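Hi,

Here is the structure I promised to pass on to you. Have a look at it first, and then read my notes below.

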Amino acid sequence: RGFDVAFTYYRPYDARMPWGTEEGAARALHTAITAQGARALGVEADLADPEAPARLLTAVTDRLGPVTALVLAHCESVDSGLLDTTLDSFDRHFAVNTRAAWLLIRHYALQFPGPHGSGRIIALTSDHTAHNLPYGASKGALDRITLAAAAELGAQGISANALNPGPLDTGWMSPELAEHLRTATPLGRIGTPGTAPK
């Protein structure tokens, strides 16, 4: 559709998660994008750093031009509940999932070039709550930020939508988790990158 694609990744997060770091993943994604005829830019960014969103948007604008669509698919996600969530984990979830999203939206809107009506913000959200407290709470706050963006940025010609895709196995699920989620889903299946509607 004529889009160039910039994406972020953060290897230290992957390294502390059960799936680990996949060497060469960013390079492979870059190659897949350019094979479709688009320009690509991968930027490693710790979105818990409050300065990272501005640096990221500046890097993308410098290399690819103004950002016309913003997809918020980043997250901090560590399973813990009301009784075992640590302060550090809670704060990091809100720094990454909520504050970074707000800052990315703000910097995106400030640099949005138009034309009027062409701006897009898509925020991937979740309905997790119990046993996933900091993730669910921070995603709930993201929903409210997205609603604010829809109301406040409409005059600039920018739409903002929150999308809850449900469980998508992009390689992070264990077989046990995938089966548990499959049986808990009304259609008896989980999503994969290849099962998106045509």
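To get started, where is the place of Ser80? Ser80 sits in the loop between S3 and H4. Keep in mind while you look around that this is a predicted model.

Next up, is Ser80 buried or exposed? Ser80 is buried, because its relative accessible area is 7%, and the cut-off for buried is under 20%. If you skip the residues up to four places away in sequence, Ser80 touches Thr85, His131, Asn132, Leu133 and Pro134.

Now for the sheet. You'll find an open sheet of three strands here, paired in parallel and ordered S3-S4-S5. Strand S3 (69-72) and strand S5 (158-163) are the edge strands, each pairing on one side only. Going from one strand to the next, the twist averages 10°. If you want to check a pairing yourself, try S3 with strand S4 (residues 119-124): these two run in the parallel sense and are joined over four bridges. To pick out one residue pair, Leu72 has Ala123 in S4 as its bridge partner.

Two helices pack on this sheet. Helix H4 (residues 87-111) touches S3, S4 and S5, and the direction of H4 makes about 175° with that of S3. Helix H5 (residues 133-153) also touches S3, S4 and S5, and here the direction of H5 makes about 160° with that of S5.

So how do H4 and H5 sit against each other? Their axes cross at roughly 15° and come within 8 Å. That makes H4 roughly parallel to H5, because angles under 35 degrees count that way. The crossing of H4 and H5 is right-handed. On the H4 side, the contact is made by Ser89, Phe90, His93, Phe94, Asn97, Thr98, Ala101, Trp102, Ile105 and Ala109. On the H5 side, you'll see Pro134, Tyr135, Ala137, Ser138, Ala141, Leu142, Ile145, Ala149 and Leu153. Sorted by kind, the residues of this H4 and H5 contact come out as 14 nonpolar, five polar and no charged. You may recognise Pro134 of H5, since Pro134 was also on the list of residues that Ser80 touches.

H4 has another helix to deal with. Helix H3 (residues 52-64) packs with H4 at an angle of about 40°, and their axes are 9 Å apart. H3 and H4 are therefore oblique to each other, and their crossing is right-handed. From H3, the contact uses Pro53, Ala54, Leu56, Leu57 and Thr61. From H4, the residues are Ala100, Leu103, Leu104, His107, Tyr108 and Gln111. The contact of H3 with H4 divides into eight nonpolar residues, three polar and no charged.

One last residue to click on is Pro53, in helix H3. Is Pro53 buried or exposed? Pro53 is buried, because its relative accessible area is 0%. Which residues is Pro53 in contact with, leaving aside its neighbours within four places in sequence? They are Leu47, Ala100, Leu103, Leu104 and His107. And if you'd like a distance to try out in the viewer, take Pro53 and Ser138: they are 85 residues apart in sequence and 17 Å apart in space, C-alpha to C-alpha.

Have fun with it!

Definitions and conventions. Residues are numbered from 1 along each chain as its sequence is written. This is a predicted model: local features need pLDDT of at least 70, side-chain atom pairs count only at pLDDT 80 or more; totals for chains, interfaces and linings use all residues. Side-chain values use heavy atoms; hydrogens and water are left out. Two strands pair if DSSP finds at least two bridges between them. Axes are lines fitted to C-alpha atoms, for helices over the stretch in contact, and angles run from 0 to 180 degrees between N-to-C directions. Contact means heavy atoms within 4.5 Å. Buried means under 20% relative accessible area, exposed over 50%, partly exposed in between (1.4 Å probe, protein chains only). Angles under 35 degrees count as roughly parallel, over 145 as roughly antiparallel, 65 to 115 as roughly perpendicular and the rest as oblique. A crossing is left-handed if the near helix is turned anticlockwise from the far one by less than a right angle, and right-handed if clockwise. Ala, Val, Leu, Ile, Met, Phe, Trp, Tyr, Cys and Pro count as nonpolar, Asp, Glu, Lys and Arg as charged, and the others, Gly among them, as polar.
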